[in-house]
Amino acid sequence: MREFGFDHYGKGPNDRYKTFKTPKHLRMFLRSKSPFAGYISVAFYNNPRRRDDWVKSEFVFDVDAKDMPIRSCNCDNVCEICLDEARQLVLDLIDTLKGDLGLKDIHLIYSGRGYHIRILDEIIMTGEAEVRGEIVKYTTGAEIPKNSVPIGYTKLFNERTKRNILNLTGKEIIDGINPKLLKDTIKNRDVLINNNWGIFQERIGPRRYKNLINSFARVNLSFVDAKVSIDLKRILRLPSTLHSKVSMKCVEVKNPETFDPFKSAVPKFVYERK
Amino acid sequence: MESNSKWIGFINPLSSESQELLRENIDLENLFENNKELIDIILNIGEGIFDNDEKIPKNPAELGLKRLEWFFREKNDKQLKINEYSYLYNPQIEKYDIISFHLLAQAIGYKFNINSREVKLFLESQNRLMEERLSRISPELREELINNILSQLSDVTNLKWTDLLSLIETKKIFLEDLLIKNSKVILTEEDFREYYYEDIKNWDERRIKMVYEKIIGKQVKDEIMRQLIITNTEEYLKKIKEKLNIIDIHHSIKKLGELIEEMLNILNEKYSTVYGEILSGGLNGENLKGEKLIKDAFPPCVLSTIEGVKSGNRNDAIVLFLTSFISYSRLHPNVFKLDQHMNLSDFDPNLKITYDEILPIIYEAAENAVPPLFKDQPQEKINITSKLGFGMHNEVELNHEGETKWYTPMSCDKIKMHLSNLCHPDKICKKIGNPITYYSYKKWLLQRDGNSNSKNNEANKKK
């Protein structure tokens, strides 16, 4: 059974360790208390009221559009542009999870301000934090490849890095990349469209290129909130509830290719209010 | 060229061929008797051992000891001349090598715990021996051999990354180093051509072969094979331990166990540096005593946390990471060497050090954070108290100790995941896995340099 959590005052979940025997009981609770937000654990417990006797946990990738280190919109919160960039990233991650790692039971949730990829394959549900960490690093492209042959992981790393370099606006502050290197990267990035990494490296210079790649390995990882992925007892926003800070619904995404949060996740009352 | 079947046991002493050879040749009663055949083989291989009789292993038990000695010295003795042990890479000793491997396993299984440094040393030495032996054979034979052994160990055409889960979890194999398609680990050339057709269809034949050879043949297969053998060796040791509960062990094996311990003690005294100690599982002695903190020895992640972390990272960096790092490095740097859980007051009974030295650094980091942590999140002070083991209270007070647990320091790996912005590794970072170890090592380096400086100064004065 899972643990439920609620936010009754609008300051984050303050009422945790709840359980419900049936969906009806949950419905009754929500109707009578009308909390700001509802959450559910990724973990299954034999004794969820004490978060005791852990059985297994979903494996999660959390992409929050607001926290992405590179966003072509540079907006303050979230907007159509960065939410769509988050969706593109999520499509790539799912592609790797399915195509390379062969995971099958993958669900995508629009969280209100980004996406949760929730994976329920048994083999991974019982896996410890260490394995999850390794999968996150592989899937996001967080390790520098050991060879330069563009197949397998090297290809994946190049693709993730290329997209991030092409999305740079020049306003980013990235650890390990000084303004001059950022400027030169943007100036020379067009050769990457055709995957000419050799030419790119030559133009940037070998030492600076090494710094750049080191930094981008870190950037690639920071597009997801990795601590959510390795936390076996996390609670996540409950699908079908409202994200009270942005007035959008947390909903399961049926078709990630065509999903548009502004069509599918805006609650009726927002339109009525207008 | 040696026949392939001969090499199998030389690489995998647990193969069925090896087991058979063992059964036919092992003689526990005469384990320590001079064995003429072995001595002849070793003298015949020769090189670098004729100047000293002690360099020649004269029976399977001594050969086992030499295997461990070689590995220990390779790690710690810069003067080591590689040809002193050249017989270890020569398949002529195969029969005795297999016997010595099994003797070692029995003796180590009898004498040491499964998580001990001695067991680790044995496993690492086997891994290194396989690596070294494989590097000395021709590419063709090597490929054939690895294929043969791998097919004995697992179904190579159907190996999934999830079959390697325990190796991935313990970071013995990295997902990034494998070629994985639809959960399958690509190992054969046919599969490589089929699964990566889209990527390689425009390559010429030579390049395809070369890339397959480089990425899979030399790296992936070799690594998987060695790791599977090591995992099997671990299992073998566990089985030996279980059996020892039921049957009594042969006196020769007991004797070998004692000899291993004795030899390792001598080697430790002779060669071990603090640096070597760090790499093989933690510092000993004086460097692990809790003493006044030296900021110059802090790792980069700790320094940048104290200098000030930005919003988003503040809570975890200060509450989870810094609090445990500062308290443990000041009071109990030995934490990972002792399994037992301790309370903070076991080291600081009246909490004087905690009030005067530990909390000020943590609170300073909180103040330096942007924005200052306690300004908008005063409740985080409670969380700091809680991570020190003193419950959910604003202040650290003895009577609340034990209400929560003293949170142990985060490993580098966890920091990379939780607080990637803080991780800017320097040269030392590459050698260690936990900031606490960094601190102990750097402190030792500083003290050593300080000592040698002061000695130099004294010497100069005398002049």
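A:Tyr110 stands opposite A:Val251 in β11(A), and that pair is our way into the first exercise. We're working with a predicted model, where local features need pLDDT of at least 70, side-chain atom pairs count only at pLDDT 80 or more, and totals for chains, interfaces and linings use all residues. Residues are numbered from 1 along each chain as its sequence is written, chains are lettered from A and ligands numbered from 1 in the order in which they are written, and side-chain values use heavy atoms, with hydrogens and water left out.

**Exercise 1.** Work out the order of the four-strand open sheet in chain A and find what packs on it.

*Solution.*
- Start with β6 (residues 106-110) of chain A, which pairs antiparallel with β11(A) over two bridges. Strands here are DSSP E runs of at least two residues, helices are H or I runs of at least four, and two strands pair if DSSP finds at least two bridges between them.
- Extend to the whole sheet: the order is β5-β7-β6-β11, with antiparallel pairing.
- Read off the edges: β5 (59-64) and β11 (251-252) of chain A each pair on one side only.
- Add the helix: α2 (residues 80-99) of chain A touches β5, β6 and β7 (114-119) of chain A, where contact means heavy atoms within 4.5 Å. The direction of α2 makes about 15 degrees with that of β7(A); axes are lines fitted to C-alpha atoms, for helices over the stretch in contact, and angles run from 0 to 180 degrees between N-to-C directions.

**Exercise 2.** Decide whether the two faces of β1(A) are covered or open, and list its partners.

*Solution.*
- Count first: six of the six residues in β1 (residues 2-7) of chain A are buried, meaning under 20% relative accessible area (exposed is over 50%, partly exposed in between; 1.4 Å probe, protein chains only).
- Split by side: A:Arg2, A:Phe4 and A:Phe6 cover one face, and A:Glu3, A:Gly5 and A:Asp7 the other.
- Now the partners: β3 (residues 37-47) of chain A pairs antiparallel with β1(A) over five bridges, with A:Asp7 bridged to A:Ala37.
- β2 (residues 15-18) of chain A is also antiparallel to β1(A), joined by two bridges; there A:Phe4 stands opposite A:Lys18.

**Exercise 3.** Is B:Lys184 buried or exposed, and which side chain makes a polar contact with it?

*Solution.*
- Locate B:Lys184: strand β2 (residues 184-185) of chain B.
- Check accessibility: B:Lys184 counts as buried because its relative accessibility is 13%.
- Look for the partner: the side chain of B:Asp191 makes a 3.1 Å polar contact with that of B:Lys184. The criterion is a pair of N or O atoms within 3.5 Å; within protein, one must be able to donate a hydrogen and the other to accept it, and residues adjacent in sequence count only if both atoms are side-chain atoms.
- Fill in the surroundings: not counting residues up to four places away in sequence, B:Lys184 touches residues including B:Thr157, B:Leu179 and B:Tyr195.
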